[in-house]
Amino acid sequence: MALLYLRAVWPWLRKDTAVQHKEADTLAFSRSVSHPARTIEPVRKSAPVTSADCVITCYQGSCMTAFQASLELDLQEPSTASPVANAAAVDGHSQLVAAEPKGVVYTQPWVVDLILDLSGYRAEDDLAARYAVEPSAGAGAFLVPMVRRLMTSVASRRRSVADARESIRAYELDADVAVQATRLVVQELREHGLSETEARDLAQTWIGVGNYLLTSPQDRRADLVVGNPPYIRYDDLPLDALEAYRRLYPTMVGRCDIYVAFIEAGLRQLSEGGTLAFICADRWMRSAYGAELRRMISAAFGVETVIEMHDAPAFDDEVAAYPAVIVIRRARQAQAVVASAGPGAGPVAGTSLADAVTGLAHGRLTEVPGFTATTVDHWFHGTRPWPALEPHQLHLLKLLEERFAPLEDENTGTKIGIGVATGADRVFITTDPELVEPDRLLPLAMTADTRQGTLQWSGHYLVDPWAKRGSLVDLDEYPRLRTYLDTHGEKLQGRHIARQRPRDWYRTIDPVHHQLTSEPKLYFPDMKLTSNPVLDRGETYPHHNLYYLTSKAWDLEVLGGLLLSRVAQLFIEAYCVRMRGGTLRFQAQYLRRIRVPDPDSLPEPVCDQLRQAFRARDRDAATTAAITAYGIADHANVLAC
Ligand SMILES: C[S@@+](CC[C@H](N)C(=O)[O-])C[C@H]1O[C@@H](n2cnc3c(N)ncnc32)[C@H](O)[C@@H]1O
């Protein structure tokens with residue numbers, strides 16, 4: 001994967017305000033535009049923007065609702081925007097706007113065509129009858145092709161150009177960049193036969209200097225919101241801007257990027273059946289900060305297409321934000337297309353790339369250079385992460401998730417946990433069996449002990465301050481333990497946990513559950529390239545870099561075979577973020593995502609194959625047996641067995 005970097009220069013708009021206002025005068029949206037058939041009412045200048053009383057622009061009899069139907073989305077209603085935000089919303093030029101970085105990355109024409117085609121914005125249709133919004137127009141990478149399609153549509157339907165006057169709206173925060181976009185749109189319109197004056201007038205009606213996030217709540221519902229929103233990390237945003245956005249866009253939680261707010265704003269603006277089509281970073285699909293956005297989408301929208309583009313040449317510059325194309329409709333979820341674009345992706349001769357990729361997903365085409373694609377029948381519910389997998393792997397993953405139960409399951413008494421954290425390993429871990437009273441030493445399994453695939457205890461012990469009943473031992477009963485702990489008293493008492501509970505100064509961070517030592521269990525070392533479960537027959541207690549699994553119903557060697565297989569690996573790869581060098585994290589939250597068959601449903605010969613494969617550490621044999629156990633022989637090629 002190419003090493004990507006984000007363009008380092010953030011063009012700041014701290015310029016002479018007089019110049020800005022002059023440019024804005026020529027570019028800001030016409031506030032009152034007459035048209036033979038329609039009238040856009042002027043915006044009420046100083047109206048406070050609230051969710052209930054947001055400025056409403058009526059158009060063709062269809063008015064926007066309060067802040068684009070926040071209640072329909074099953075979200076908290078956005079709170080009243082701050083006065084700062086209001087000022088910006090009205091004239092687009094408050095300090096808040098002026099102080100913001102712009103997150104500039106420009107999109108390649110073939111990607112723009114792909115996205116416009118996927119969204120259905122095609123010249124064959126009556127585009128003048130639609131309302132299309134470009135929320136962050138830049139120099140017009142999307143806008144100019146949109147204008148081209150619109151003008152072709154107008155001409156082929158013998159419509160008047162005036163019919164298209166209110167069919168497009170483009171926002172751009174940076175006045176200089178908006179001037180460039182205007183120039184290019186004028187040029188495009190001239191090619192469609194408009195005079196300089198007509199072209200300039202139309203372009204200025206369409207393009208405005210303004211902050212989409214603050215202004216769009218006042219805009220009318222759109223059939224299409226399309227583009228490439230800015231990428232700006234939350235900690236690069238001025239605090240007042242961040243606060244204003246968070247108030248308006250409740251999905252903008254945690255350490256999120258501004259593009260999350262653009263997705264929410266775009267979705268809110270959609271009319272029934274309307275489409276949002278963006279290329280933007282895909283981190284939100286799996287990260288904690290994207291959870292609320294995922295919930296909003298699954299509550300009220302349907303995901304139509306996701307094309308991962310990490311390695312595809314999608315932008316003018318190389319960028320660090322791994323991008324994806326998303327097409328989301330305000331409609332019920334139906335079958336979705338999932339595709340992946342590699343370095344060889346680009347336009348295809350003689351046909352629409354969007355049609356080709358969709359054809360590939362549905363099996364009508366066998367090859368589209370640079371792409372893999374498939375369909376999935378259901379999308380992911382609620383805040384659940386959207387997995388990062390090759391399309392065919394995703395197809396298999398969905399199938400497994402539909403058919404099988406989670407690994408951690410009350411019905412099978414299967415639990416996953418993590419070993420003990422001490423807060424002072426140098427004090428609590430020893431190899432000296434004489435250090436303290438013998439019953440205060442627990443054999444401790446360390447990550448290194450699992451390296452060979454079988455547990456090879458390295459002779460480490462945990463100095464165990466816990467009584468069997470779950471409270472700390474009375475040190476008066478253990479004079480050697482007391483002497484040892486007193487020697488390290490200062491260090492132990494300096495720990496956060498000891499400062500919180502001074503009487504328990506000699507505790508480990510986690511309590512020890514003594515029965516776990518004698519229970520058979522599987523260990524999973526955290527950072528690994530492949531799944532590597534290791535059996536402990538009930539001899540050790542796990543250290544905190546080891547995750548463990550215990551089960552009442554499973555034969556752990558049979559389960560170990562399943563978890564050694566590439567089927568288990570598929571789940572981990574889908575949900576965990578890979579580290580540098582391809583290392584995977586085998587943490588509890590990812591292990592819990594693995595689905596497994598009912599242990600009672602497995603025929604004995606299959607159990608035996610899994611057991612033997614586990615004992616022999618034979619991943620291929622484990623995968624072959626797992627394919628039989630899951631009944632997924634048709635998908636064996638996906639697992640590259
Ligand atoms: C990633 S660039 C995309 C430009 C263009 N759509 C493209 O694909 O090439 C994002 C653009 O959004 C503009 N921008 C940043 N914040 C904005 C905001 N709050 N409202 C409108 N535009 C904004 C930036 O100035 C920049 O031109």
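This briefing describes the overall make-up of one protein chain and then several of its strands and helices. The structure is a predicted model, and the protein chain contains 23 helices and 25 strands. Of its 641 residues, 46% count as buried. Among the contacts in the protein chain with a separation of 6 or more, 74% are accounted for by residues 24 or more positions apart.

**Strand β12 and its partners**

- Strand β12, which covers residues 336–341, has six of its six residues buried, so the strand is largely enclosed by the rest of the structure.
- Both faces of β12 are covered, with A336, V338 and S340 buried on one side and V337, A339 and A341 buried on the other.
- Strand β10 (residues 302–308) runs parallel to β12 and is joined to it by four bridges; V306 has V338 in β12 as its bridge partner.
- Strand β13 (residues 371–376) runs antiparallel to β12, and six bridges join these two strands; here A336 stands opposite V376 in β13.

**The four-stranded open sheet**

- Four strands form an open sheet in the order β15-β23-β19-β21, and their pairing is antiparallel.
- The edges of this sheet are held by β15 (415–418) and β21 (534–536), each of which has a single partner strand, so one side of each is left without a neighbour in the sheet.
- On average, and with direction ignored, neighbouring strands of this sheet are turned by 30° against each other.
- Strand β19, made up of residues 521–525, pairs with β21 in the antiparallel sense over three bridges, and within this pairing L522 has L535 in β21 as its bridge partner.

**Helix α19, between sheet and helix α23**

- Helix α19 lies across β19 and β21, and runs at about 25° to β19.
- The axes of α19 (residues 556–564) and helix α23 (residues 619–630) come within 8 Å of each other and cross at roughly 100°, which means that α19 is roughly perpendicular to α23, since angles of 65 to 115 degrees count as such.
- The contact between these helices brings G561, L562 and L564 in α19 together with R619, A622, A625, A626 and A629 in α23.
- By character, the residues of this contact of α19 with α23 divide into six nonpolar, one polar and one charged.

**Helix α7 and its buried side**

- In helix α7, which spans residues 196–206, the buried residues are A199, L202, A203 and W206.
- Because these buried residues cover an arc of only 100° around the axis, they are placed on the same side of α7.
- The elements that cover the buried residues of α7 include β6 (168–172), α6 (175–191) and β7 (207–209).

**Residue I263 in helix α10**

- I263 has its place in helix α10, which comprises residues 258–269.
- I263 is buried because 25 other C-beta atoms lie within 10 Å, where 20 or more are needed for a residue to count as buried.
- Leaving aside its neighbours within four places in sequence, I263 is in contact with F278 and L293.
- M252 is 11 residues from I263 along the chain, and the C-alpha atoms of these two residues are separated by 9.8 Å.

How values were computed:
Residues numbered from 1 in each chain as written. Predicted model: local features only at pLDDT ≥ 70, side-chain atom pairs only at ≥ 80, totals over all residues. Axes fitted to C-alpha atoms, helices over the stretch in contact; angles between N-to-C directions. Parallel < 35°, antiparallel > 145°, perpendicular 65-115°, else oblique. Contact = placed C-beta atoms within 7 Å. Nonpolar A, V, L, I, M, F, W, Y, C, P; charged D, E, K, R; others polar. Buried ≥ 20, exposed ≤ 12 C-beta atoms within 10 Å, placed from the backbone. Pairing = 2+ DSSP bridges. Arc of directions from axis to C-beta.
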